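Thank you all for coming. I would like to take a few minutes to walk through one structure, going from the overall fold to a handful of individual residues.

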Amino acid sequence: QVQLMESGGGLVHPGGSLRLSCAASRSTVSIRDMGWYRHAPGKQRELVARITRGGNTNYADSVKGRFTISRDNAKNTVYLQMNSLKPEDTAVYYCNAQTYALTDYWGQGTQVTVSS
């Protein structure tokens, strides 16, 4: 149906950058909104960024100005460019997608670790 495959996570020093990618299966039906969530140790899952099919974006206050979400509708792919990374950004990042039927799909998650 819809399968999300994440990549781009890793270990980076504070102030560094990473770019996450999430590709939906080629056979996917029309996707409306896509976004990135993260789950850090000792904290609940939180929304990081969201983007509509038309390009309207929304960011968590903690990442605003540092992270940029974008998408390529032709490739069914969403990206998260993360700059000026902080240790507080350490978490498992999950890709999310909603169809026009408002059905949610989730990726397996990719680990982002920011450490000196």
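I will begin with the chain as a whole and then turn to the disulfide, the charged residues and two aromatic side chains.

Please keep in mind throughout that what you see is a predicted model, and that every value I quote has been computed from it. In terms of secondary structure, the protein has eleven strands and zero helices, and if you read along the sequence the pattern is simply β-β-β-β-β-β-β-β-β-β-β. The radius of gyration is 14 Å, close to the 13 Å that the globule rule gives for 116 residues, so the protein is as compact as a globular protein of that length. Taken along the principal axes, the C-alpha atoms fill a box of roughly 40 × 25 × 25 Å.

As for the interior, 41% of the 116 residues count as buried. If we take the contacts between residues at least 6 apart in sequence, 53% of them join residues at least 24 apart. On the outside, the protein exposes about 6,400 Å², and carbon and sulfur atoms supply 44% of that area.

Let me move on to the covalent cross-link. The count comes to one disulfide, and this disulfide joins Cys 22 to Cys 95, with the two sulfur atoms 2.1 Å apart. The pair links distant parts of the chain, since Cys 22 sits in strand E3, residues 18-24, and Cys 95 in strand E9, residues 91-99, with the two positions 73 residues apart in sequence terms. The link of Cys 22 and Cys 95 is left-handed, with -85° about the S-S bond, and Cys 22 and Cys 95 are both buried.

From Cys 95 we can step across to an aromatic residue, Trp 106, which lies in strand E10, residues 104-106. Trp 106 and Cys 95 are eleven residues apart in sequence, and their C-alpha atoms are 5.7 Å apart in space. Leaving aside neighbours within four places in sequence, Trp 106 is in contact with Leu 4, Tyr 37, Arg 45, Tyr 94, Cys 95 and Asn 96. Is Trp 106 buried or exposed? The answer falls in between, because its relative accessible area is 35%, and Trp 106 is therefore classed as partly exposed.

The second aromatic residue I would like to show is Tyr 79, in strand E8. With a relative accessible area of 22%, Tyr 79 is likewise partly exposed, although this value is to be read against a cut-off for burial of under 20%. Not counting residues up to four places away in sequence, Tyr 79 touches Leu 20, Ser 21, Trp 36, Thr 68, Ile 69, Ser 70, Arg 71 and Asp 72. Its C-alpha atom is separated by 8.8 Å from that of Ala 23, and Tyr 79 and Ala 23 are 56 residues apart along the chain.

Now to the charged residues. How many salt bridges does the structure hold? There are four. In one of them the side chains of Glu 46 and Arg 38 meet, at 2.7 Å from N to O; Glu 46 is partly exposed at 24% relative accessibility, whereas Arg 38 is buried, with a relative accessible area of 5%. Glu 46 also forms a salt bridge with Lys 43, where the closest N and O atoms are 4.0 Å apart, and Lys 43 counts as partly exposed at 45% relative accessibility.

Another salt bridge is formed by Arg 66 with Asp 89, the closest N and O atoms being 2.8 Å apart. This pair links distant parts of the chain, with Arg 66 in the loop between strands E6 and E7 and Asp 89 in the loop between strands E8 and E9, 23 residues apart. Both Arg 66 and Asp 89 are buried. Arg 38, Lys 43, Glu 46, Arg 66 and Asp 89 are linked in a network of salt bridges.

I will end with Asp 33, which has its place in strand E4, residues 31-39. Asp 33 is buried yet has no salt bridge, and the nearest side chain of opposite charge, that of Arg 32, is 4.1 Å away. Outside its neighbours within four places in sequence, the contacts of Asp 33 include Arg 50, Arg 53, Arg 71 and Asn 96.

Methods. Residues are numbered from 1 along each chain as its sequence is written. This is a predicted model: local features need pLDDT of at least 70, side-chain atom pairs count only at pLDDT 80 or more; totals for chains, interfaces and linings use all residues. Side-chain values use heavy atoms; hydrogens and water are left out. Helices (H or I, at least four residues) and strands (E, at least two) are DSSP runs, numbered from the N terminus. Buried means under 20% relative accessible area, exposed over 50%, partly exposed in between (1.4 Å probe, protein chains only). Contact means heavy atoms within 4.5 Å. A disulfide is a pair of cysteine sulfur atoms within 2.5 Å. Lys and Arg count as positive and Asp and Glu as negative; His and the chain ends are not counted. The radius of gyration is taken over C-alpha atoms; the globule rule is 2.2 Å times the number of residues to the power 0.38. Accessible areas come from the Shrake-Rupley method with a 1.4 Å probe; for residues, only the protein chains shown count as cover.
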